[in-house]
Amino acid sequence: MLSDLPFFPKQASTLAGEVDALYLFLVGLSAIMSALIAGTLIFFAIRYRRGTKVDRSNPPEGSLALEMIWSLIPLAVVMVIFAWGASVFFKIARPPDDATSIQVVGKRWMWKLQHANGRREINELHVPVGRAVRLTMTSEDVIHSFYVPAFRVKQDVLPGRYTHVWFEPTRPGRYHLFCAEYCGTKHSRMIGSVIVMEPDEFQAWLGGGQAGVSPAAAGQKLFNELGCASCHSKESGSRGPALDGLYGSTVLLERGETAVADEEYIRESIVDPMARVVRGYSPLMPTFKGLVAEEGLFQIMEYIKTLEGERDARAERADAPAATPGALPETAEERK
Amino acid sequence: MARTRDVFWHHFQDLEHQRETSALGMWIFLITEILFFGGMFACYVVYRTAYPEAWLAGSATLDVKLGAINTAVLIGSSLTMAMAVHAAQLGKRMPLVVFLVLTIVLGGIFLGIKAVEYEHKWEENLIPGPAFDFHGQGAGNVQLFFALYFALTGMHALHMVIGIGLLGNLVRQSLAGRFDAAYNTPVEMVGLYWHFVDIVWIFLFPLLYLLGRH
Amino acid sequence: MSGHVAPTRLYYAIFGALMILTALTVAVAYKDLGLLNTYVAMTIAVAKATLVVLYFMHVRWSGRLIPILLAAGVLWLVILLALTMSDYASRGWMTAPGS
Amino acid sequence: MTTHVHAGSTPKHYLIDGYGIRSWLLTTDHKRIAILYLASVTVMFALGGLFAIFVRLELLTPAGDLMQAETYNKMFTMHGIAMVFFFLIPAVPAVLGNFLIPLMIGAKDLAFPRINLLSWYVFVVGGLFSLYAMIAGGIDTGWTFYTPYSTAWSNTNVVPTAVGIFITGFSSILTGLNFMATIHKMRAPGLTWFRLPLFVWAHYATSIIMILGTPVLAITIVLVALDRIGKFGIFDPAAGGDPVLFQHLFWFYSHPAVYIMILPSMGVISELVSAFSRKRVFGYSFVAFSSLAIALIGFLVWGHHMFVSGQSVYASLVFSVLSFLVAIPSAVKVFNWTATLHKGRISFETPMLYVFGFIGLFTIGGLTGLFLASLGLDVHVHDTYFIVAHFHYIMVGGVIMGYLGGLHFWWPKMTGRMYPEWWGRLSALVIFIGFNLTFFPQFVLGYLGMPRRYHAYPEEFQVLNVMSTAGASILGVGYLIPLVYMIWSMRYGKVAPDNPWGAKGLEWETGSPPPTHNFEKPPEVVSEAYAYHEHPAEARHG
């Protein structure tokens, strides 16, 4: 097993083998190329050193054929590497649909994590072996980067938006968790462990500890405390759109554009309500920027996800083309 | 021409070679300027695409009339600058001085109007920073519009100030009779610079002032 | 001899054209053309800049090198804007599962 | 190239044409300005090296025990800033380029001598600002100034440093502007574009990058300063700004900046490989155009620094494929240099040893670049010691090898004295060994997962770090040896003949050191560069 070689990192996720295969291919290729170039250099240097009596007649000044050979063949080779690298990258970028969700907040200089049942951790993450896990991450201050070398995954964690990373652990054990984006004084202390457990052990661990309140329940509490429900209700004539079935639906906006109500949209609507107002409602909502911490936003999000039901006809248009979500959503039409 | 001695650098073949090389150098400099403003334009494009509402709201607070007057003033100053170069080429000293002074005056008017606009923004608390205060549609990101408004127009105004300084120096030299039909490269070079600054404004005016006016 | 000496009439004509284009760009801004507004405004601005470059800045008479340099400057600006926007334009293409 | 130079007596060479501090500080002679630059960048290199010593010493042990985390963070930041902005970017162009371009093209000076002097003053002022920032408490943002850390969180001297780098940027712009105008307008009669030495081609390509890239860095720094001083929020998510946009703008310059560093060194290597093989560079036009290709494609790849930054995966795809493309012109150069040796008459003086060092290290640096351009693999090695090793192979293994090789090669021309050959060869060897021992272990460390910019690290990484620190001390000695003997040789070295290497090129057809106006009579060029086959010259020295 590669992992047991000295100076080779442990492989502990389904992605690790794929990344290592590409790595070893490139190591081999580099070794061959370096040996070829060094060998040719040394051979020429010895054979044509000044004073030797060898044939130096008609030295070539250039050769179109050679130039073509040594640019087109490398071009073909690097395009293969590109395709290979890209295919691995898309596996890393695209989580499976059934992945378990975990929320991560990076803060100088610690990682705060919360499981779906409400259990919280700091600088430690317990996960079961053989189950895909998807992290939704944000930062409270500067840019951090969630990096688990044994899983071969890394993703910057940005303030003001969500990024994601996923992995499926394959081997129980304890692995390094690093912050890989320089974040200030104690950057090198923003480290922790990912603990991969057998599924039954994990279940036992998850049930233990202080019984946490689930994020959705906490979110509902926050939702009520902040008075969100006084406007966002199903009653006709309410000042804000009802939120039932909102998550994942397409909403119609003021000027006729649409937006997919994903995590980014909902987050934006809480911290910057005027950015994309639902059609038919006045821009009245105050901002909650600074009033709700990132973890609170996560909880409200989870609560909103639990609200199921028919969408209000005003806000829904089934045939509407999907707009593009994202931290900085692009709005296709220029509004004039 | 005895005077040529002190304006000619020995490493050129002749004055024409020197002029061509100076012009090339000036153009290369102006190309760096394209990219200098380009960095801010990149921010502008990204944020305008991301926050169209904020851009409309921010643009609406600007005074189109003042912006349009300033555009006319600046284009006028480009005309007087072109006329100054023309006068220099023909070796006409007084018209050269007059057109240079006119260019300075128009540049001054532009900066004056700009200062009035800045003062309005100051009074309306629209200077980005802790005191920034804006309510209404797109409120969350209007500060970005003003950050770029001040960065772009501020950099442009700084270029104007430098340009006026260069023009003042040219006036001094022209009065001293340094330029004639054979040697007027500095006038031509400052002219290139001045026209470039005009072009930047030609783009800034519609990009900042004219959004969502209908 | 230094540079091309253009007739002053030409300068006044260019000035007139620039003023007309300025008036035009303001007038158009008050018409609702939807998406077109931005394109029209930018087209007019490019036209004005071209006039200034060609006539006030004498590029019309300057030989090949300077137009090439200028084109390079504009090309690099386009590279900066286009590749930066390629990120923002495609950020939402890969949607998160569950949404 | 063959020329008709009237070798008249040259009464005053540039070093003795005027004495006293004023004759240096007010000079417009490109050769004297090159010497001023040489002194300035050497000081900055020493400073950057000093910071590196502290970094390597701290990393000798896993616990962060030598200095505080704050101090360590300042050390690697200031190491990066001093080396990148104040040494690597100006080193080859401002010293060797400044000295040689007018000589190589048969001109009396650069097109704008006063602007050349101005660029040095601008450089010094920028350097003093940054030095002030370092002395008055330092800066800890990393040389990359990532927002919002640099704009809203760091408590260190971000603004003075930023001002310093902003100012220095203009020195770079002015140098590029001057080179470009000079190469276009000041070439000797008969010196067509395809008769130019490849060193000049490389500097032309470099100038393009300086002119088109540097202003974007300059304005980005201004915006960072506005964010920091005025709380504008352009790159701060708290105000709706996007920190990733800062990264786009920063790398738009800072990736091509790598080519500002390496292209001139590649130009040096072309000259050296030709001179010490007594042969025209193989595939001249391909080597020349590959420089331009690198300058252009180099501007299209910056997003490969941002594969895990939250950039769109599709943009990453585009940047990845373009990054692979830029590998081709670099590879073409290496192959052509190697082919140049074929049927040459190779000798192994110090500069040639640096050529071998350069080709070997640049090959490794370039090949590991392929690892980093591969999307799936970069996710793992991004921001680890793998990338640290990679860019040191390019920036130290490549740039400094070329710089030192060129400095030795043209030292007789610049000073009129020979450096001691035995010591030269020894130090080249020591540098090569020390370099590899320092940085090769870092590739392994990086793949193991050790993140960069870590003050303390898990114990299992210690063995490799100790190797690296040991190598760094050898490397340090390797750099000290030339520093000592170069200074020594200025007074005690053997007096150099006009053309000690029997090399071709206009710079060898004038005195050592050259007279103030370079050539007594303007030379006229009638043949191609590197015409060794026409008049097989032999070394008059060594």
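Between which strands of chain A does the loop with Trp109(A) lie? I looked: Trp109(A) is in the loop between β1 (100–107) and β2 (110–114) of chain A. Helices and strands here are DSSP runs (H or I, at least four residues, for helices; E, at least two, for strands), numbered from the N terminus. The peptide bond from Arg108(A) to Trp109(A) is cis, with omega near 0°.

Ground rules before going on. This is a predicted model, in which local features need pLDDT of at least 70 and side-chain atom pairs count only at pLDDT 80 or more, while totals for chains, interfaces and linings use all residues. Residues are numbered from 1 along each chain as its sequence is written, and chains are lettered from A and ligands numbered from 1 in the order in which they are written.

**Other backbone oddities.** I found a cis peptide bond from Ser512(D) to Pro513(D), with omega near -10°. Pro513(D) sits in the segment after α15 (462–492) of chain D. Next I checked positive phi in residues other than glycine: His58(C) has phi near 65°, and Arg278(D) has phi near 55°. His58(C) belongs to the loop between α2 (36–56) and α3 (65–90) of chain C; Arg278(D) belongs to the loop between α8 (243–277) and α9 (284–297) of chain D. I call a residue buried if 20 or more other C-beta atoms, placed from the backbone, lie within 10 Å of its own, exposed if 12 or fewer, and partly exposed in between. His58(C) has 21 C-beta neighbours inside 10 Å, so it counts as buried. Arg278(D) has 26 inside 10 Å, so it counts as buried.

**A and D.** I looked up the interface: 65 residues of chain A are in contact (C-beta atoms, placed from the backbone, within 7 Å) with 68 residues of chain D. On the chain A side, α2(A) gives the largest share, 15 residues. That side divides into 38 nonpolar, 15 polar and 12 charged residues.

**Chain B.** Mean pLDDT (the predictor's confidence in each residue, from 0 to 100) is 91 for chain B, and 95% of its residues reach 70 or more. Among its elements, helix α2 (residues 52–60) has the lowest mean, 88, and helix α6 (residues 185–209) the highest, 96. I then checked helix α4 (residues 93–123) of chain B: at 1.5 Å a residue (times one less than the number of residues), its 31 residues should span 45 Å, and the end C-alpha atoms are 45 Å apart, which agrees. Its buried residues include Leu96(B), Phe99(B) and Phe110(B). Just after α4(B), Asn125(B) takes a positive phi of about 60°.

**Core.** A nonpolar core is a set of buried Ala, Val, Leu, Ile, Met, Phe, Trp, Tyr and Cys residues joined through C-beta atoms within 7 Å. In the largest, with 362 residues, Ala84(B) and Leu148(B) touch the most other members. Helix α3 (residues 69–104) of chain D gives the most to this core, 24 residues.

**Chains C and D.** Chain C has three helices and zero strands. Its radius of gyration (over C-alpha atoms) is 20 Å, well over the 13 Å that the globule rule (2.2 Å times the number of residues to the power 0.38) gives for 99 residues, so chain C is more spread out than a compact globule. Chain D has 15 helices and zero strands. Its radius of gyration is 23 Å, close to the rule's 24 Å for 542 residues, so chain D is as compact as a globular protein of that length. I noted 34% of residues buried in chain C and 70% in chain D.

Terms used: Two residues are in contact if their C-beta atoms, placed from the backbone, lie within 7 Å. Ala, Val, Leu, Ile, Met, Phe, Trp, Tyr, Cys and Pro count as nonpolar, Asp, Glu, Lys and Arg as charged, and the others, Gly among them, as polar.
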